[in-house]
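Biologist: I would like a close look at one helix and what surrounds it. Please take a single part and work outward from there.

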Amino acid sequence: MSFEGSFDAVVVGGSFAGLSAAMQIARSGRPVCVLDSGQPRNRFAAHSHGFFGQDGRPPHEMIAQARADLLQYPNVTHLQARALTASQDGGFTLTTEGGDVLHAQRLLLAYGVVDQLPDLPGLQPRWGVSVLHCPYCHGYEVKGQRLGVLATGPWSTHQALLIADWGPVTYFLNGHETPDAATLEQFAQRGIQVEATPVTALMGTVPELSGVQLAGERVLGIDALFLGTRLRFASDLAQQLGCAAEDGPQGPLLTTDAFKRTTVPGVFAAGDITLRAGNASLAAADGVMAGVALHQSLIFGTGT
């Protein structure tokens, strides 16, 4: 059965940023609805690391606890649904795939991004376990092992230089250009090996990794592979509303000011769709700022 309701705020996204934002609004007593598709970006990782007071806890448990905490407030509505359309009509109207219709004075977008992975056999089922993107999130667990960095863009050489603090690194060009002389000198100083032969597949018992197969059938042993992904928005609601975006290092980012306001009055945004660094702690903090700013805009206006 479909649902229809009116709220002071609707938060689109039920992960770290969205739930943190909704908590600030909930504690003001204002009616707020959270739309949650149930597809957080870090659902592929078994544990979250580096989060204050929660190191090593499964991310789905952290999200479930945050949701339970939020739902203790009687002014909160939580819908497990994916937002389909958003429009302005004095306020905002959203519809979901299930036919729900939500009206709101303010809108907060926190629906996150999708990692677009290279098309390599054996990579997808290892994502978040032995194929990784963030050494601060996962590096300690593979420290001292044989590490690889797969070149996917201009940020990859930076990633390789960074990850060498966690273990011996092989940098796989995989069709990308050889780094310039200055970078190769830095590689030499950091003990980073460069492999020019393209990677054709990942080897080992899934989800673990024992090596990569190179063109010509040669196998090079590694235990974890880091890479930077291209990112895309998990929803097009911001585009439907006309919110401006800009080019980030790995994909588009919504343009926001210091108070997390987008270029459309009344629309706020937080989390990975606005941040240049993807991290659960940063997303949660970003959500707090956005939630506070949204609440204050209900009192002082969208331009304050």
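Modeller: What follows starts with helix α1 and its surroundings, then moves to the strands, a few loops and a tryptophan. The model is predicted, and everything below should be read as a description of that model.

Helix α1 covers residues 16–26. How much of α1 is buried? Of its 11 residues, 10 are buried, which leaves the helix mostly covered. The buried positions are Phe16, Ala17, Gly18, Leu19, Ser20, Ala21, Ala22, Met23, Ile25 and Ala26. Their packing partners include two helices, α2 and α7. The buried residues of α1 also pack against four strands, namely β1 (4–12), β2 (32–36), β3 (76–80) and β6 (101–109).

Take the two helices in turn. Two packed helices are described by the angle between their axes and the distance between the axes. Helix α2 spans residues 59–70, and its axis comes within 10 Å of that of α1, with a crossing at roughly 15 degrees. That angle makes α1 roughly parallel to α2. The crossing of this pair is left-handed. On the α1 side the contact uses Phe16, Leu19, Ala22, Met23 and Ala26. On the α2 side it uses Met62, Ile63, Ala66, Arg67, Asp69 and Leu70. Sorted by character, the residues of this contact are nine nonpolar, no polar and two charged.

The other partner, helix α7, runs over residues 280–300. The axes of α1 and α7 come within 7 Å and cross at roughly 35 degrees. Here the crossing is right-handed. From α1, the contact involves Phe16, Ala17, Ser20, Ala21, Gln24 and Ile25. From α7, it involves Ala280, Ala283, Ala284, Gly287, Val288, Gly291, Val292 and Leu294. The residues of the α1 contact with α7 divide into 10 nonpolar, four polar and no charged. Phe16 takes part in the contact with α2, and Phe16 also appears in the contact with α7. An α-helix has 3.6 residues a turn, so residues three or four places apart point the same way. That spacing is a useful guide when reading both contact lists on the structure.

Next come the strands beside α1. Strand β1 is largely enclosed by the rest of the structure, because seven of its nine residues are buried. β1 runs parallel to β6, and eight bridges join the two. One point of reference is Glu4, whose bridge partner in β6 is Val101. β1 also pairs with β2, again in the parallel sense, over four bridges. There, Val12 has Leu35 of β2 as its bridge partner. Both β2 and β6 are among the elements against which the buried residues of α1 pack.

Further along the chain is an open sheet of three strands, in the order β12-β13-β14, with antiparallel pairing. β12 (199–203) and β14 (219–220) are the edge strands, each with a single partner, so one side of each lacks a neighbour in the sheet. β13, residues 211–214, pairs with β14 over two bridges. One of the bridge pairs joins Gln213 to Val219 in β14.

The loops of this sheet hold two backbone details. Pro207 sits in the loop between β12 and β13. The peptide bond leading from Val206 into Pro207 is cis, with omega near 10 degrees. Glu217 sits in the loop between β13 and β14. Its phi is positive, near 75 degrees, though Glu217 is a residue other than glycine. Is Glu217 buried or exposed? Its relative accessibility is 60%, so Glu217 counts as exposed.

Asn174 is another non-glycine residue with positive phi, at about 50 degrees. Its place is the loop between β10 (169–172) and α5 (181–190). Asn174 is partly exposed, at a relative accessible area of 22%.

The last site is Trp155, in the loop between β9 (147–150) and α4 (156–163). Trp155 has a relative accessible area of 16% and is therefore buried. Which residues does Trp155 touch, leaving aside its neighbours within four places in sequence? They are Gly228, Thr229, Arg230, Pro249 and Gln250. Pro249 is 94 residues away from Trp155 along the chain, yet their C-alpha atoms are separated by 7.5 Å.

Terms used:
Residues are numbered from 1 along each chain as its sequence is written. This is a predicted model: local features need pLDDT of at least 70, side-chain atom pairs count only at pLDDT 80 or more; totals for chains, interfaces and linings use all residues. Side-chain values use heavy atoms; hydrogens and water are left out. Axes are lines fitted to C-alpha atoms, for helices over the stretch in contact, and angles run from 0 to 180 degrees between N-to-C directions. Angles under 35 degrees count as roughly parallel, over 145 as roughly antiparallel, 65 to 115 as roughly perpendicular and the rest as oblique. A crossing is left-handed if the near helix is turned anticlockwise from the far one by less than a right angle, and right-handed if clockwise. Contact means heavy atoms within 4.5 Å. Ala, Val, Leu, Ile, Met, Phe, Trp, Tyr, Cys and Pro count as nonpolar, Asp, Glu, Lys and Arg as charged, and the others, Gly among them, as polar. Two strands pair if DSSP finds at least two bridges between them. Buried means under 20% relative accessible area, exposed over 50%, partly exposed in between (1.4 Å probe, protein chains only).
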